[in-house]
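Thanks for making the time this morning. I would like to talk about charged side chains, so please have the sequence and the model open while I speak.

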Amino acid sequence: MKQSKKRILIAVLALVLVVAIVIVSVLVLGGGSKNVYVYSFDEGVLGMTDFHNDGSESSGIVTTDRVQPTYLTETQKNVEVKVQEGQTVSKGDTLYTYDTTLSEIALQQKDLSVQQLKMDLEAAKKELSVINSYVPFTPRPDPPEPPAPEEPEHPLSGLTDADLEGKDFVVFSGSGESALSSKVCWLRSSAMVDDAMMDALFSGVSQDVVFIHFIQTEGDSANGSVTGEFGLKLMRFAVSDEDALSYSFRYSFFQPTPPDTGDASGSADWVEPEDTSSGYTAAEIAQMRAEKQAEIRELDFKIKVAESELSIMRKEADSGTVTADFDGVVMNILDEETARNENQPLLKVSGGGGFYVTGTASELDLANIQLDQKVTVSSWETGSTYEGTVVEIQKFPVDADMYGGSTNLSYYPFKVFIDESADLQDGFYVSMTLQSGGAQSSLYLDNAFLRTDGATSYVYVRNEEGRLEKRRVQVGAGLWDSYTQILGGITEDDWLAFPYGKNVKEGAKTEEGTMETLYGAGMGGM
């Protein structure tokens, strides 16, 4: 269940990256440009051309069959050889004895080192998934320039001096129901607010409270600048007598709301876009991805070598005596100093056998491995290289701990034989390279540049005439949910277009692009 969730998360992150590239590239390529930009593997945009985990490469641990070379370690002291060269020995006979300075603490430290490397490898894989999810930084658009502030409308706009002539006050607008909807009232500078004026200001008001915003102007002119303004909250109380109904008044001051001048910035309709980018440029992301991939490969190698060394150390710590594993003849006895200085076996027991290494091949690579095929075998312990031969290919898949491999593929073991002349040892970690020309491609294309139509996968590639061509490709395993192995149709020398945008079609003119043209101009000075 945890693995399923992890795949879903990686798939979602990869989808976010693809969608982001689609959006940006549609803007770049769909803006009316006559030429379509194409990109190369050399720029690091399209993918990888040297990923080592393909059909031509494998690795494994050495096992022996009736051949027994014995190496000295730095912690073996007081070595005493008990046999002579050419001597026939039986299984269990003592070959040599030694004292060891190897302690239990050293074994524990080595074991902890292996476990730490494994944790580092898992952490690096997770970090690579995060890097693959990064959306490149694109600069935010500048907000629109605010318009020049408009002159505020005169509060008495619409009135003329003729409207004011011979009057002490003129109600201009507003209902007076609240402070926010006050009656706006021009007031002559020499006028007094008396009971008669207050009674008149309740005209058209059904309630016993009214809010008045008084405005006085220079020269008592309708167009004069405002010289004073204040707010009065008027309250009336009914007073009855025998003849008629009258009112008494009370008032209090309030601060009138200034006229609304609107949004001076003029940018009310502009919303600053949300920044969903990683903050890294496309070039920086490509560099981080390449560095993390190299780190993963190095950690995987270190783990296998360290596990091999730990296995050999445990054998040494178990006994101070090396015995013959089978009946055979003692060969090639060296003195202790020569064996140590040249990193050669102290001696070797031969029973007419050799060495075996078991590697694994995915179902996509299996057809390229044949019986009797030659294999180059390299020992990481000694640095020596030997030639081996494929002697067995199993028909049933096994579980394989192959980082970065597709979880949807099966892996099949194959066995390689190296003759007894090789200076290998049981437990050595070795790498293997198939020597025939049938190895699978190590070309891995970024999924964003690959399109599918049903069961058909295709790309847009520049042809010899410099025009865009839609070309079908054969695909293999997926890698890290971000890349797809390309088995045929293109090579690492081809130039491909991002397969989206209105100009991307067969026959379109092409132009060589860079990461700047892919992700947009002005990206952090790439």
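**Charged side chains and their partners**

Let me begin with Asp208, which at 42% relative accessibility counts as partly exposed. Please keep in mind throughout that what you see is a predicted model.

Which residue does Asp208 form a salt bridge with? The partner is Arg236, and the closest N and O atoms of the two are 2.9 Å apart. The pair links distant parts of the chain, since Asp208 sits in the loop between helix H4 (195-201) and strand S9 (209-217), while Arg236 belongs to strand S10 (residues 226-240), 28 residues apart. Is Arg236 buried or exposed? With a relative accessible area of 13%, Arg236 is buried, because the cut-off for that word is under 20%, whereas Asp208 at 42% is partly exposed.

As background, side chains of opposite charge can pair when their charged atoms come close. In this model there are 18 salt bridges, and I will pick out a few of them.

One joins Asp111 to Arg314, with a distance of 3.6 Å from N to O. Asp111 is in helix H2 (residues 104-133) and Arg314 in helix H5 (residues 282-318), so this pair ties together parts that lie 203 residues apart in sequence. Both ends are partly exposed, Asp111 having a relative accessible area of 27% and Arg314 one of 43%.

Another salt bridge stays inside one helix: the side chains of Glu336 and Arg340 meet at 3.0 Å, N to O. Why are these two about one helical turn apart? They are separated in this way because they are 4 residues apart in helix H6 (residues 336-341). Here too the partners are partly exposed, with 31% relative accessibility for Glu336 and a relative accessible area of 29% for Arg340.

There is also a case that goes beyond a pair, in which salt bridges that share partners join Glu127, Lys292 and Glu295 into one network.

Finally, I would like to turn from pairs to a cluster of like charge. Which residues gather in a patch of negative charge on the surface? They are Asp168, Asp194, Asp195 and Asp199. Of these, Asp168 lies in the loop between helix H3 (161-164) and strand S7 (169-173), and its relative accessible area of 41% makes it partly exposed. Because residues enter such a patch only without a salt bridge, Asp168 stands apart from the paired side chains that I described before it.

Conventions:
Residues numbered from 1 in each chain as written. Predicted model: local features only at pLDDT ≥ 70, side-chain atom pairs only at ≥ 80, totals over all residues. Heavy atoms only, no water. Patch = residues over 30% accessible without salt bridge, like charges linked within 9 Å, V, L, I, M, F, W, Y side chains within 5 Å. Areas by Shrake-Rupley, 256 points an atom, 1.4 Å probe, with all protein chains shown as cover. Salt bridge = Lys/Arg side-chain N within 4 Å of Asp/Glu carboxyl O. Lys, Arg positive; Asp, Glu negative; His and termini not counted. Charge placed at Lys NZ, Arg CZ, Asp CG, Glu CD. Buried < 20%, exposed > 50% of the residue type's maximum accessible area, 1.4 Å probe, protein only.
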